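I opened this entry to record what I looked up, beginning with the sheet and ending with the ligand.

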Amino acid sequence: MKTKLNIGLFGFGVVGEGLYHVLKNSRTVDATIKKVCIKHPDKKRNVSENFYTTDANEIINDEDINLVVELIDNADEAYHIVKASLLKGKSVVSGNKKMLAEHLEELIEIQKKHNVSLLYDASACGSIPVIRNLEEYYDNDLLKSITGILNGSSNFILTKIFNEGGDYDSALKLAQDLGFAESNPTFDVEGYDSMFKLIIITLHAFGTLVKPEDIFNCGIPNLAPCDIQYAKEKGLKIKLVAQVTKLDNGSFTMFVMPKLVSPDEYIYSVENEYNGVIIEGEYYEKQFMFGKGAGAFPTASSVLSDITARAHNYKYEYKKHTLFTPPTYTTDTEVKIYLRYRDSLAFSHFEFENITEKYSSKDYSYVIGTIKLSSLQKVKYLLPKLDVFIAAV
Ligand SMILES: NC(=O)C1=CN([C@@H]2O[C@H](COP(=O)(O)OP(=O)(O)OC[C@H]3O[C@@H](n4cnc5c(N)ncnc54)[C@H](OP(=O)(O)O)[C@@H]3O)[C@@H](O)[C@H]2O)C=CC1
Ligand SMILES: N[C@@H](CC=O)C(=O)O
């Protein structure tokens with residue numbers, strides 16, 4: 001049975017406005033935006049319609065509205081909006097990965113109790129339909145790993161630096177102007193956005209929900225010309241990569257960090273705001289999903305797909321989370337990294353298991369070696385203060 005949807009939309013920024021246009025052009029879904037809740041009533045809008053409000057309750061308490069689409073840039077406020085909407089018996093579509101990664105456990109319970117649906121394919125990899133595919137198609141036992149470029153802005157910056165000799169600040173500014181970056185772009189460049197997405201992906205891939213503070217993430221703000229030179233001399237590129245991998249003992253591990261990528265890897269050619277996700281399984285080796293990971297229309301098209309799914313009464317069942325015993329998460333595993341540093345005090349924070357290569361000059365040094373992920377996790381919050389650059393090898 002198909003349901004007619006009356007939408008209450010929160011947010012009319014890059015994605016919200018994108019959705020307005022995409023929905024207008026849709027010929028298949030019977031859905032209308034009834035009200036749009038925004039934050040700044042005096043902001044000049046490109047769309048002049050009589051549907052704006054700044055009062056969230058005008059949507060949450062409107063009995064006519066049967067679907068809330070949450071596309072705001074504040075995770076804490078989004079949490080309250082989404083929770084209140086679900087409690088009122090309204091289904092929700094959201095793109096807010098930070099809010100989801102932090103509150104999914106509670107929100108899943110609420111949606112079950114109130115027999116509503118919370119869909120969020122746009123929260124991971126923009127236009128790439130990764131979540132619904134992991135939920136519906138990929139079987140828990142067959143999946144071995146998921147590795148990907150999950151953040152469009154950092155990939156855009158790295159592309160500008162590597163391919164065009166651009167500088168970091170101008171590339172970040174351009175990513176912001178094009179609507180790719182988060183309102184707080186630290187999330188993009190320090191690997192937090194990728195990490196939130198990886199948490200959501202992991203829940204739908206393996207059934208386990210991992211807390212953000214338990215995952216090692218680092219990013220690209222400290223990338224220096226010497227790191228780029230190192231990569232280029234070896235014929236490699238640097239990409240910000242998120243990875244979740246099953247281990248031989250049945251548990252799994254995950255992290256987000258820059259990676260030195262060789263031309264034979266699928267993600268080597270993923271450039272600009274595109275994302276790429278490699279799904280590795282027991283019997284099919286590798287599959288690759290590729291598409292725009294950020295931007296108004298690519299993201300809005302994913303939101304539209306969730307709206308259409310909801311019109312057909314679709315909901316995630318979280319089968320791997322509820323019907324099986326999900327694998328446990330561990331950081332008790334080793335990763336091989338390139339660590340560039342400038343002084344021995346910075347280096348002293350890293351407890352390497354073994355070092356296979358060392359280089360030192362008057363300007364900088366680097367080592368390549370293996371280190372426990374648990375040991376990296378201990379220095380996670382210190383990293384932004386150290387002049388070091390880390391990349392998985
Ligand atoms: N941009 C992208 O490519 C992608 C974004 N996302 C996610 O989508 C969401 C929206 O991103 P984006 O469109 O880029 O963000 P923008 O900053 O462009 O827009 C944010 C919108 O939220 C509104 N807003 C903020 N707080 C509130 C509130 N409390 N109540 C009502 N409205 C509010 C703002 O109102 P006002 O206009 O009045 O300022 C604005 O319209 C974020 O969660 C983001 O992570 C997901 C995938 C891709
Ligand atoms: N800021 C994000 C937007 C999409 O999730 C990104 O750059 O990928």
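I count two strands as paired if DSSP finds at least two bridges between them. The model I examined is predicted.

**Sheet.** With that criterion I looked up the strand order, and I found 6 strands in an open sheet, ordered 3-2-1-4-5-6, with parallel pairing. Strand 3 (52-53) and strand 6 (118-119) each have a single partner strand and stand at the edges, so one side of each is left without a neighbour in the sheet.

I then turned to one of these edges. Strand 6 pairs with strand 5 (residues 91-94) in the parallel sense over 2 bridges. I noted that Val 93 stands opposite Leu 119 in strand 6.

**Helix on the sheet.** Next I asked which strands helix 11 touches. Helix 11 (residues 296-311) packs on the sheet and touches strand 1 (5-10), strand 2 (31-37), strand 4 (67-70), strand 5 and strand 6. I recorded an angle of about 160° between the direction of helix 11 and that of strand 5.

**Annotated span.** I consulted the UniProt annotation, from an unreviewed entry, which assigns residues 11-120 to "domain: Aspartate/homoserine dehydrogenase NAD-binding". For residues 11-120 I noted 42% helix and 17% strand, with the end C-alpha atoms 15 Å apart.

**Ligand 1.** Finally I asked how many residues surround ligand 1. There are 28, and the closest are Gly 11, Gly 13, Ile 38, His 40 and Ala 294. By class, I recorded 11 nonpolar, 12 polar and 5 charged residues in the shell. Helix 1 (residues 14-25) contributes the largest share of that shell, 3 residues.

How values were computed
Residues are numbered from 1 along each chain as its sequence is written. Chains are lettered from A and ligands numbered from 1 in the order in which they are written. This is a predicted model: local features need pLDDT of at least 70, side-chain atom pairs count only at pLDDT 80 or more; totals for chains, interfaces and linings use all residues. A residue is near a molecule or strand if its C-beta atom, placed from the backbone, lies within 6 Å of it. Helices (H or I, at least four residues) and strands (E, at least two) are DSSP runs, numbered from the N terminus. Ala, Val, Leu, Ile, Met, Phe, Trp, Tyr, Cys and Pro count as nonpolar, Asp, Glu, Lys and Arg as charged, and the others, Gly among them, as polar. Two residues are in contact if their C-beta atoms, placed from the backbone, lie within 7 Å. Axes are lines fitted to C-alpha atoms, for helices over the stretch in contact, and angles run from 0 to 180 degrees between N-to-C directions. UniProt positions are given in the numbering used here, feature names are shortened, and annotations may be inferred rather than shown by experiment.
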